[in-house]
Amino acid sequence: MIIGSHVHFNKEQILGALKEALSYGANAFMLYTGAPQNTFRSDINLEYLEEAKKLMIENNISMDNVICHAPYIINLANKEKIDAWNFSIAFLKKEIKRCESLGIKYIVLHPGSSVKHTREEGIENIIEALNYVIVDDSKCMIILETMAGKGSECGRTLEEIKMIMDGVNSKNIGVCLDTCHLNDAGYNMKEFENFLDEFDKIIGINKIKCIHVNDSKNELGSHKDRHANIGFGTLGFDTILNIVNNEKLKDVPKILETPYINKTNEDKELVYPPYKFEIEMLRKRIFNPNLFDDIRKYYK
Ligand code: FE
Ligand code: FE
Ligand code: ZN
């Protein structure tokens, strides 16, 4: 199983991200090239990159299993503040270059929120922007994440994702599934085979390049987008186990974006990463009802 989690890029850049992933027993990982919330980015350090490449070979981790995520504030759907829209386009062009220099092949992108525009207009804006950003011969592909449909988010149905992909002149575009978002958008993950059939008819299964594996705090169709730890949400452990073990998606990296754990039941500060333990549960195929306590014991 190709599985990992969201990791940090701040210390030693990709080398630090890789070391964090290895500490979770992962063979895949996803990083933001800086903070997820902002667009400040420092230059790529080639020494860290060379060392990371060596360590990846030693640990049998392929560059195909390293994913980049564009920052949240990038919004291609809203053209109202034209400067922000232009900035988003310029940022993504640079992000593609950064990923190319790192050897990263996929950038996950939230399609965007239309805000005061209609969803149809939002989708047109996304298409226009992506046609500036995406080039055919790039080794790095933008992959659109399926969204929960919170507020005016575009990409909450497979048809919306398909509309964007059809409007883009290049075929160098793919999809990232997010199991929490799909549930919240109204797609029943408990009938994953049916969902995959539908996906295949509308978009084509070969377009799936990454899967965000998250449980959800909310009911089917709630349009909320709040991630839960594996087996502690409305999807449940067996549903998620079934998804990550799907034969048709066996070569697709699975990335956890589940919430950190607080130190005690009472305090609210989320400090401990759950990924080592969640990866272990999914590999062993056994649910651990004491997950939170085991994590607290391990990191304290
Ligand atoms: Fe995302
Ligand atoms: Fe996600
Ligand atoms: Zn989410």
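How are the donor residues of the iron ion (ligand 2) spaced in sequence? In this predicted model, the spacing reads E-x32-D-x33-H-x44-E. Two of the donors, Asp178 and His212, sit in strands: Asp178 belongs to strand S6 (residues 173-178) and His212 to strand S7 (residues 208-213), so the pair ties together parts that are 34 residues apart in sequence. Asp178 and His212 are both buried.

The full set of protein donors to this iron ion (ligand 2) is Glu145 (OE), Asp178 (OD), His212 (ND1) and Glu257 (OE), at 2.1 to 2.2 Å from the metal. The angles among the 4 donor atoms run from 82 to 169°, and the site is irregular. For a tetrahedral assignment all angles would have to lie between 85 and 135 degrees, so the range of 82 to 169° does not qualify. A further iron ion (ligand 1) lies 3.3 Å from the iron ion (ligand 2). Glu145 coordinates both ions.

Away from the metals, the largest nonpolar core holds 85 residues, and within this core Leu130 and Ile142 touch the most other members. Helix H3 (residues 82-102) is the element that gives the most to this core, contributing 7 residues. Once neighbours within four places in sequence are set aside, the contacts of Ile142 include Leu92, Ile96, Ile107, Leu109 and Leu130. Val133, Ile134, Asn172, Ile173 and Gly174 are also in contact with Ile142. There is also a second, separate core of 11 residues, with Met30, Tyr106, Cys210 and Ile255 among them.

How values were computed: Residues are numbered from 1 along each chain as its sequence is written. Chains are lettered from A and ligands numbered from 1 in the order in which they are written. This is a predicted model: local features need pLDDT of at least 70, side-chain atom pairs count only at pLDDT 80 or more; totals for chains, interfaces and linings use all residues. Side-chain values use heavy atoms; hydrogens and water are left out. Donors are N, O and S atoms within 2.8 Å of the metal (3.2 Å for Na, K and Ca); water is not among the atoms, so sites may look incomplete. Four donors count as tetrahedral if all angles lie between 85 and 135 degrees; four count as square planar and six as octahedral if opposite donors are over 155 degrees apart and all others between 65 and 115; anything else is irregular. Helices (H or I, at least four residues) and strands (E, at least two) are DSSP runs, numbered from the N terminus. Buried means under 20% relative accessible area, exposed over 50%, partly exposed in between (1.4 Å probe, protein chains only). A nonpolar core is a set of buried Ala, Val, Leu, Ile, Met, Phe, Trp, Tyr and Cys residues joined through side-chain atoms within 4.5 Å. Contact means heavy atoms within 4.5 Å.
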